[in-house]
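Me: I'm new to this one. Can you walk me through it?

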Amino acid sequence: MNTGTKITAFAVVLAASFGTAYGVGAALGPVRTAAPGANAPGAAHAHDAAGEASAVPPAGGLAISEAGYTLDLLTPHIASDRPADLRFLIRDADGRPLTSYRRAHEKELHLILASRDLTGYRHLHPVRAADGTWSTAVSLPRAGDYRVFADFTPAVKDSRNLTLGADLSVAGDYRPAAPAPASRTATVDGYTVTLGGALRPGAERELRLTVAKDGRKVTDLQPYLGAYGHLVALRAGDLAYLHVHPGGAPGDGDTAPGPDVSFDATAPSAGTYRLFFDFRHEGTVRTAAFTVTAGPGGVHADTDGAGTGGHGH
């Protein structure tokens with residue numbers, strides 16, 4: 001058995017940050033939209049169709065250390081289909097555990113797990129002990145190589161949001177999954193989610209997710225982590241991460257609770273991306289997944305798609 005086998009993925013859209021009942025979530029850096037990316041170290045610039053310069057978000061989650069902080073994964077190996085306690089630390093430049101964080105979307109830290117073939121996904125919310133050790137229960141049904149993403153902001157002056165990544169090996173009988181087809185529609189637990197809009201490298205574009213159940217549009221989505229939806233995108237091949245947040249917020253007097261949830265996002269490069277959209281309805285968080293391709297002319301997502309099961313807490 002070779003748990004180190006790496007799978008090259010398929011075709012997806014967007015570049016990172018889109019998020020869930022046991023599956024949805026992020027991959028191109030701790031970048032939220034093009035605006036924050038403009039000030040982030042390593043950000044490049046491109047020109048959109050109108051010739052205007054726009055910031056290209058730096059890829060996130062590709063490094064275990066950045067800006068003086070390191071993700072120390074204390075549980076680098078687990079067995080498939082068995083409950084495990086995943087533990088890790090965020091260490092500062094002096095090696096000390098970080099114990100002070102800025103809250104974002106109701107949490108100090110968001111943890112994303114994704115398999116290298118982009119068929120497995122978890123958006124988890126671990127608990128931090130007084131000594132800085134984070135832990136969360138997890139059970140992954142499929143063996144293989146996974147990537148762990150820690151999305152957080154240190155509560156330190158002038159600190160910025162970071163996404164650090166580390167490899168997790170899941171032992172067991174491993175069989176590579178076939179790449180997911182390009183998709184504009186995903187189904188999960190009787191819900192149909194449709195992806196609208198376009199995404200292109202180096203230019204901010206709107207992505208719109210429309211939620212329906214049994215053929216009727218859902219107009220009573222429930223807040224989840226301070227929003228009506230979360231979107232995480234991972235780039236096929238290297239699992240670069242980008243976490244994008246929706247425009248507006250529940251209770252702001254302007255944002256409707258469905259059926260549409262919109263995001264502004266910029267792809268850091270051309271390529272295939274896997275998008276994970278988390279939404280909450282009737283008390284349950286579900287995840288819809290899409291595969292899209294971002295090319296020089298924009299993002300393409302055709303044919304049909306499939307949902308992904310569940311979201312972890």
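Reply: What follows is a quick tour of sheets, cores and ring pairs. Keep in mind that this is a predicted model.

Me: Start with the sheets. Which strands make up the open sheet with mixed pairing, and in what order?

Reply: Five strands, in the order 5-12-11-7-8.

Me: And which strands stand at the edges there?

Reply: Strand 5 and strand 8 (121-124). Each has a single partner strand, so one side of each is left without a neighbour in the sheet.

Me: How much are neighbouring strands of this sheet turned against each other?

Reply: By 25° on average, with direction ignored.

Me: Back to strand 5. Does it run parallel or antiparallel to strand 12?

Reply: Parallel. Strand 5 (residues 77-79) and strand 12 are joined by three bridges. H77 sits opposite S169 of strand 12.

Me: What about strand 11 and strand 12?

Reply: Those two run antiparallel, with nine bridges between them. One spot to look at is G144, which stands opposite V170 in strand 12.

Me: Is strand 12 mostly covered or mostly open?

Reply: Mostly covered. Strand 12 spans residues 162-171, and eight of its 10 residues are buried.

Me: Next sheet. What is the strand order in the open sheet with antiparallel pairing?

Reply: The order is 3-4-6-10-9, again five strands. Its edge strands are strand 3 (65-66) and strand 9 (127-128), and each pairs on one side only.

Me: How many bridges hold strand 3 to strand 4?

Reply: Two, in the antiparallel sense. In that region S65 stands opposite T70 of strand 4.

Me: Now the aromatics. How many aromatic pairs are there in the whole structure?

Reply: Nine. Take Y69 and F152 as one of them: the pair is edge-to-face, 6.5 Å centre to centre, with 80° between the planes.

Me: Why is that pair worth a look in sequence terms?

Reply: Y69 is in strand 4 (residues 69-73) and F152 is in strand 11 (residues 144-152), so the pair ties together parts 83 residues apart in sequence.

Me: Are Y69 and F152 buried or exposed?

Reply: Both are buried.

Me: Which residues do ring pairs link into a cluster?

Reply: Y69, F88, Y101, W134 and F152.

Me: Got a stacked pair too?

Reply: Yes, F277 and F279. Their ring centres are 5.6 Å apart and their planes are at 20°, so the pair is stacked; the cut-off for that is under 30 degrees.

Me: How accessible are F277 and F279?

Reply: F277 is buried, at a relative accessible area of 0%. F279 is also at 0% relative accessibility, so F279 counts as buried.

Me: On to the cores. Which residues touch the most other members in the largest nonpolar core?

Reply: V193, L209, V211, L275, F277, F279 and F290, out of 28 residues in that core.

Me: Which strands each supply at least two residues of this core?

Reply: Strand 13 (185-188), strand 14, strand 15, strand 17 (230-235), strand 18 (241-244), strand 19, strand 20 (271-281) and strand 21 (284-295).

Me: Is there another core?

Reply: There is. A core of 26 residues lies apart from the largest one, and its members include L71, L113, L124 and W134.

Me: Zoom in on V193. What is V193 in contact with, leaving aside neighbours within four places in sequence?

Reply: The list is R184, T185, A186, L209, T210, V211, F277, F279, A288 and F290. V193 also stands opposite V211 of strand 15.

Me: How do strand 14 and strand 15 pair?

Reply: Strand 14 (residues 191-197) pairs with strand 15 (residues 205-213) in the antiparallel sense, over seven bridges.

Me: And how many bridges link strand 15 to strand 19?

Reply: Six, antiparallel again, with strand 19 covering residues 260-265. T210 has D260 of strand 19 as its bridge partner.

Me: Last one. What do strand 15 and strand 16 form?

Reply: A hairpin, with two residues between the strands. In the turn, D214 has a positive phi of about 50°. Two bridges join strand 15 to strand 16 (residues 216-217), and the strands run antiparallel. A212 pairs with K217 of strand 16 as its bridge partner.

Note on methods: Residues are numbered from 1 along each chain as its sequence is written. This is a predicted model: local features need pLDDT of at least 70, side-chain atom pairs count only at pLDDT 80 or more; totals for chains, interfaces and linings use all residues. Side-chain values use heavy atoms; hydrogens and water are left out. Rings of Phe, Tyr and Trp (its six-membered ring) pair if their centres lie within 6.5 Å; planes under 30 degrees apart count as stacked, over 60 as edge-to-face and the rest as tilted. Helices (H or I, at least four residues) and strands (E, at least two) are DSSP runs, numbered from the N terminus. Buried means under 20% relative accessible area, exposed over 50%, partly exposed in between (1.4 Å probe, protein chains only). Two strands pair if DSSP finds at least two bridges between them. Axes are lines fitted to C-alpha atoms, for helices over the stretch in contact, and angles run from 0 to 180 degrees between N-to-C directions. A nonpolar core is a set of buried Ala, Val, Leu, Ile, Met, Phe, Trp, Tyr and Cys residues joined through side-chain atoms within 4.5 Å. Contact means heavy atoms within 4.5 Å.
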